[in-house]
Amino acid sequence: MSAAAEVDLAISGMTCASCVARVEKALLRVPGVTAAAVNLATERARVSGAVADPAALVAAIEAAGYDAHTLAAPAAESREKARADRRALHHLIAAALLSLPLVAGMVAAPLMLPGWAELVLASVVQFWLGARFYVAAFKAVRAGAGNMDLLVALGTTAAWGLSVWLLVTAHPGHRPHLYFEASAVLITFVLLGKWLEARAKGQTAAAIRALMDLRPERARLRRDGVEVEVAVEAIRVGDVVVLRPGDRIPVDGRVVEGEGQVDESMLTGESRPVDKQPGAPVTGGAINLDGMLAVETRAIGPETTLARIVRLVEGAQASKAPIQRVVDRVAAVFVPVVLVIAAATLVGWWWAGGDVETAIVTAVSVLVIACPCALGLATPTAIMVGTGAAARRGILIKDAEALEAAHAVTAVAFDKTGTLTEGRPRVVQVAGGDAVLKLAASLQQGSEHPLAAAVRAATGETAPAALEDFRALPGRGVEGRVAGRRLVMGTGRLMAERGFDLAAFGAPPAGQTVSWLADDSGVLGFVAFGDRLRPEAQAAVVRLREQGVEAVMVTGDGRGAAQAVADELGIARVFAEVLPGDKAAVIAALRAEGRTVAMVGDGINDAPALAAADIGFAMATGTDVAMHTAGVTLMRGDPRLVPEAIAMSRRCYAKIRQGLFWAFAYNVVGIPLAALGHLSPVLAGGAMALSSVSVVLNALTLRR
């Protein structure tokens, strides 16, 4: 692993938040590791830093008492998980069948088995089906730590051992009260809880599986005029893929033949089909609904949009939210504290009543009911479900920190062009005649700015004059030589800086973006541009207002054009004529007011502001730089996704708090009740299993 690289590992054997903390500590002790995030819900670890061999990471995890390996192919991982699930179910069924006769004797005296028969059944459950708890507990103790398995092993062994002692020392002809059913049923309950928990956790990863299933295994290529079917892995950039109605698109590319509609809903959340014509881009994973399309491949494998989406969602689900750090600190001391409480319970009951049997049973209840599993699952399961649900709506969340930050947003700063407007300006007025427009088109042939494209489009098929010494002036305009004539074109601020007088042309048109053109002799005229509002922009601003979030506009456009858009949308605060380098300063000023600020943009010039904000939202219709900088990427150019992302973050954060509240409350209430003798070991075991399952099921409600 080279510097700044990342390695993902699969880990087995973790059962609670204490396990997570121990694995992270073990990884951070490996030379070269700078960061390690372990996720109990996904059973994965993401390690960052510079480590020569991932084997060193695996060795560190195994030394801490767990099994680990580098990630295999998704299909192999899926098969291994299926085998593990079947094995867990078989163990659960066996434990239940062996425990049933022991419970039957408690319900009906005639069904009570002889003591030696109870010993045999309970021992099989204890030392065969419960062997996993002894192995994990031993590894934890050897590593100098404790976990849930240690509590279960101690509690069930105490109940089994007490029963054996009572059976061996009983007077002939007298049947003592045995607790074999307690130890067997406890293990059965724990196995049931783990099985249900695994099933529920499997549902939290549904979004990843759904995304991976979008990639077809076969595709039709056109080679030398003949269609041949090949594996998707055989496709190369430049190949032409033929799509029939109903086919799922295997690659990112560009339509070269045919017309039709494509369903991109699983990628962008947009339910309406998108029309595709020659020249239009298509994305792997979308479905060709009608028509025959020939697509030239532009990206394959890990470079496709679908692959990047999967990596982004996996990264978010593997990351750790800041709130989880509190849980980690609690988990580090949880098991030792429980052991102390159990020991105090044993001594207290023994000293108060002199009844060793009651003291041991009560201490067993304390050991069994204390479960840090729910604490470890509350945050990662909510994040997994929340990021998956957001991805299905076309909202890609970069990491758990971004998800948590979005819930607190109180102000959203929008860039104007391409975010609130369609970003496709058109020339609506020219002062100075066709000569000005032609000169402007010749000068702008060196620029990729949307305004430059609009100028070139307005000149039709006219061939531009030769351009030399072209230079872009970020946030201001451009300059260069056209047919030997030095020209400069840009904002009114640029003209003022160069000493040009604009008074001769009067006031420019209100509510429009204006670029002035000048040469050495003075101002030659201007070109005015119009850009349509996105139809969803109004609804986005209204929804933000309903959420108690203020919408702000930060744009490099002229004040007149910016204010016209703001007035139409109902945005009160407008920062206009802001240079790209100054946008970050505006964001910093908003944060200085005590606000949690989100920035929404789509261009390279928005990247500094996206980085300066508490959280950045990038339109996927914009540049890669903006998407790389932002914490959230919106897969379609719909500003309504901004309030939707904030709403999702708030729901997810609420589920995290609910899960942590119930996990803490469960232990705060359950442990004292068990210590006071109000809970039997069997009830304690059932409650422990229920706690983890309820936390995961609560998180799953985010899927709705």
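Here are some questions and answers about this predicted model.

User: Let's start with the open sheet of 3 strands: which strands sit at its edges?

Analyst: The sheet is open, and its 3 strands follow the order 10-9-12 with antiparallel pairing. An edge strand pairs on one side only, and that fits strand 10 (274–276) and strand 12 (287–288). So the edges, each with pairing on one side only, are strand 10 and strand 12.

User: And in strand 12, which residue is the bridge partner of aspartate 263?

Analyst: Strand 9 covers residues 260–263 and pairs with strand 12 in the antiparallel sense, using 2 bridges. In strand 12, the partner of aspartate 263 is isoleucine 287.

User: How do helix 12 and helix 24 lie relative to each other?

Analyst: Packed helices get described by the angle between their axes and the distance between those axes. For helix 12 (residues 356–369) and helix 24 (residues 681–700), the angle is about 5° and the axes are 8 Å apart. Angles under 35 degrees count as roughly parallel. That's why helix 12 and helix 24 are called roughly parallel.

User: What residue classes make up the contact of helix 12 with helix 24?

Analyst: Helix 12 brings Val361, Val364, Ser365, Val368 and Ile369, while helix 24 brings Pro681, Ala684, Gly685, Ala687 and Met688. Sorted by class, that contact comes to 8 nonpolar, 2 polar and no charged residues.

User: Is strand 22 largely enclosed or open to the outside?

Analyst: Strand 22 spans residues 550–554, and 4 of its 5 residues are buried. That count is the reason to call strand 22 largely enclosed by the rest of the structure.

User: Which residue of strand 22 stands opposite alanine 413?

Analyst: Strand 15 (residues 411–414) runs parallel to strand 22, joined to it by 4 bridges. Opposite alanine 413, in strand 22, you'll find valine 552.

User: What handedness does the β-α-β unit with strand 22, helix 19 and strand 23 have?

Analyst: Strand 22 also pairs with strand 23 (residues 573–575), in the parallel sense and over 3 bridges. In that pairing, methionine 553 stands opposite valine 574. Helix 19 (residues 559–569) joins these two strands in a β-α-β unit, and the unit is right-handed.

User: Last one: is threonine 513 buried or exposed?

Analyst: Threonine 513 lies in strand 20 (residues 513–519). Leaving out residues up to four places away in sequence, threonine 513 touches Lys416, Leu451, Val527, Ala528, Phe529, Asp557 and Ala561. The cut-off for buried is under 20% relative accessible area. Threonine 513 has 13% relative accessibility, so it counts as buried.

Methods
Residues are numbered from 1 along each chain as its sequence is written. This is a predicted model: local features need pLDDT of at least 70, side-chain atom pairs count only at pLDDT 80 or more; totals for chains, interfaces and linings use all residues. Side-chain values use heavy atoms; hydrogens and water are left out. Two strands pair if DSSP finds at least two bridges between them. Axes are lines fitted to C-alpha atoms, for helices over the stretch in contact, and angles run from 0 to 180 degrees between N-to-C directions. Angles under 35 degrees count as roughly parallel, over 145 as roughly antiparallel, 65 to 115 as roughly perpendicular and the rest as oblique. Contact means heavy atoms within 4.5 Å. Ala, Val, Leu, Ile, Met, Phe, Trp, Tyr, Cys and Pro count as nonpolar, Asp, Glu, Lys and Arg as charged, and the others, Gly among them, as polar. Buried means under 20% relative accessible area, exposed over 50%, partly exposed in between (1.4 Å probe, protein chains only). A crossover is right-handed if, with the strands pointing away from the viewer, the path from the first strand over the helix to the second runs clockwise.
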